[in-house]
Amino acid sequence: MRVLLIGANGYLGRFVADRLLADPAVQLTALGRGDDADVRFDLATGSPGALTRFLDAVHPGVVINCAGATRGGARDLTRHNTVAVATVCEALRRSGCGARLVQIGCGAEYGPSQPGSSTAEDAVPRPGGPYGVSKLAATELVLGSGLDAVVLRVFSPAGPGTPAGSPLGRLAEAMRRAMQSGDGELKLGGLGAQRDFIDVRDVARAVHAASLSAAQGVINIGSGRAVRLRDAASVLARVAGFGGALHELDSPGGPVRPTLGHPRSDPDHVAPAAYPYPDGCGNWQQADVRTARDRLGWRPRINLEESLADIWMEAACRI
C-alpha cells in the first residue's frame, strides 16, 4: 500500500510515520515544508494543480493529512488548517489516483460541552475559538468533497513530544523549574479544566487503522474519560518524585492566575464553564469513542500515567 503522509514532522505526524514504517506492507512517502521531507511542498501556498501532478506521479492509495497549525491568529490558522485542506481535496478530485483521505481533525471543533457528558460524532459543533473554527471548516470541506474520506477528531493528545506550550507541557516545565530551584511548593493556576487526554501513540494506531478501513465520516479519537488538570498535576508530581506541595491558585474565592491558560475576551461567548480556556472548550470535554471501537476496531491502550511519565522524562532532560 502506497501512503502519502502530509505533515510527517509534526507532533502527531512523527508518530504516525513511525507506525506506518513499522508496517512492512506500507510504502511511505512524506510530503512537507521541511528539508527532511521526501517531497517539499507547502499546502498553504502551493497550488492544487502542482499537488495533483505529484499525486498522479506517486499514485498513492491513501493520503493522510497530519499538517496544520495550533497557534497563531485567525488568518494564519485559516491558511494552514482550512485553505491547506481545500488544496488537498481539490488535488485529489483532479487526480486519477483515487486515493482515500484520512484527515486529522480535533476535539476543539465541538467547543464547550455539558460537564459529565460524552460528546458523540452527531453532536452539533460549536467551536469556541478560531482554532476550532478553522479545523471545523476543514472537516466540512472533506465531508463535502465527495472523496473516500474519514476525519479523525483527536481530543487532547499527550505523551512523548508534547509541545512545551500545551497545558501538560507547561505543567511539566513548571515542575522542572521548581525542582531545579529547590522550591518546596508549586503554585499553579488554571487547573480546573477537565480534558480527554489520549496518547499520541494511540492516535497513530487509530490513523493506521483508519487508513486500512472503509469507514467514512467523522470518528472521535480519545480515551473516553475526562481528567482534571489538577489530578494530572498530582500524577505528574508522583512520577517526577516531587515531594513539595501543590497549591491551586484559582480555587473558588481565591486569586485567579491562569498560568496554564489565557482568558478569552469574548463577552458574547456562552459556555457551561466559569473559567475560560484558550482552546475554546470550556472546562469539560470527554469523547464518546464507541464509533472508533465499532468501525475501526480501535481502543486506547496507553494510560495517562505512562503518557505523563514520558512527558516528564523529556522535561527532566532539560535540567
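**Exercise 1. Asp76 and Arg79**

Task: In this predicted model, find what joins the side chains of Asp76 and Arg79, and say in which helix the two residues lie.

Solution.
1. The side chains of Asp76 and Arg79 form a salt bridge, with an N to O distance of 3.4 Å. A salt bridge needs a side-chain nitrogen of Lys or Arg within 4 Å of a carboxyl oxygen of Asp or Glu, and the pair meets this cut-off at 3.4 Å.
2. Both residues belong to helix H3, which covers residues 74-94. They are 3 residues apart, about one turn of the helix.
3. Asp76 is partly exposed, at a relative accessible area of 34%. Arg79 is partly exposed too, at 31%.

**Exercise 2. Arg176 and Glu173**

Task: Decide whether Arg176 and Glu173 are buried or exposed, and describe how their side chains meet.

Solution.
1. The side chains of Arg176 and Glu173 meet in a salt bridge of 2.6 Å, N to O.
2. The two residues are separated by about one helical turn, because they stand 3 residues apart in helix H5 (residues 167-181).
3. Arg176 and Glu173 are both buried.

**Exercise 3. A salt bridge between helices**

Task: Name the helices that hold Glu305 and Arg238, and say how far apart in sequence the parts are that this pair ties together.

Solution.
1. Glu305 and Arg238 form a salt bridge, and their closest N and O atoms are 3.2 Å apart.
2. Glu305 is in helix H9 (residues 304-316) and Arg238 in helix H7 (residues 229-240), so the salt bridge ties together parts 67 residues apart in sequence.
3. Glu305 is partly exposed, with a relative accessible area of 39%, whereas Arg238 is exposed, with 52%.
4. Elsewhere, Glu90, Arg93 and Arg94 are joined into one network by salt bridges that share partners. The whole structure has 17 salt bridges.

**Exercise 4. Helices H2 and H3**

Task: Classify the packing of H2 and H3 by its angle, and give the handedness of the crossing.

Solution.
1. Helix H2 covers residues 48-58, and its axis is 8 Å from that of H3, at an angle of about 50°.
2. Angles under 35 degrees count as roughly parallel, and 65 to 115 as roughly perpendicular. H2 and H3 are therefore oblique to each other.
3. The crossing of the two helices is right-handed.
4. On the H2 side, the contact is made by Pro48, Gly49, Leu51, Thr52 and Leu55. On the H3 side, the residues are Thr87, Val88, Glu90, Ala91, Leu92 and Arg94.

**Exercise 5. The surroundings of Arg201**

Task: Locate Arg201 and list what it contacts beyond its neighbours within four places in sequence.

Solution.
1. Arg201 lies in helix H6, which covers residues 200-212.
2. Its relative accessible area is 25%, so Arg201 counts as partly exposed.
3. The side chain of Arg201 makes a polar contact of 2.7 Å with that of Asp199.
4. With neighbours within four places set aside, Arg201 is in contact with Phe15, Pro160, Ile302, Glu306, Ser307 and Asp310.
5. The C-alpha atoms of Arg201 and Ala158 are 8.9 Å apart, while the residues are 43 apart in sequence.

**Exercise 6. The surroundings of Gln194**

Task: Find the strand that holds Gln194, then decide whether Gln194 is buried or exposed.

Solution.
1. Gln194 is in strand S9, made of residues 194-195.
2. Buried means under 20% relative accessible area. Gln194 is at 15%, so it counts as buried.
3. Leaving out residues up to four places away in sequence, Gln194 touches Ala226, Val227, Arg228, Asn283, Trp284 and Gln285.

Terms used. Residues are numbered from 1 along each chain as its sequence is written. This is a predicted model: local features need pLDDT of at least 70, side-chain atom pairs count only at pLDDT 80 or more; totals for chains, interfaces and linings use all residues. Side-chain values use heavy atoms; hydrogens and water are left out. Helices (H or I, at least four residues) and strands (E, at least two) are DSSP runs, numbered from the N terminus. Buried means under 20% relative accessible area, exposed over 50%, partly exposed in between (1.4 Å probe, protein chains only). Contact means heavy atoms within 4.5 Å. A polar contact is a pair of N or O atoms within 3.5 Å; within protein, one must be able to donate a hydrogen and the other to accept it, and residues adjacent in sequence count only if both atoms are side-chain atoms. Axes are lines fitted to C-alpha atoms, for helices over the stretch in contact, and angles run from 0 to 180 degrees between N-to-C directions. Angles under 35 degrees count as roughly parallel, over 145 as roughly antiparallel, 65 to 115 as roughly perpendicular and the rest as oblique. A crossing is left-handed if the near helix is turned anticlockwise from the far one by less than a right angle, and right-handed if clockwise.
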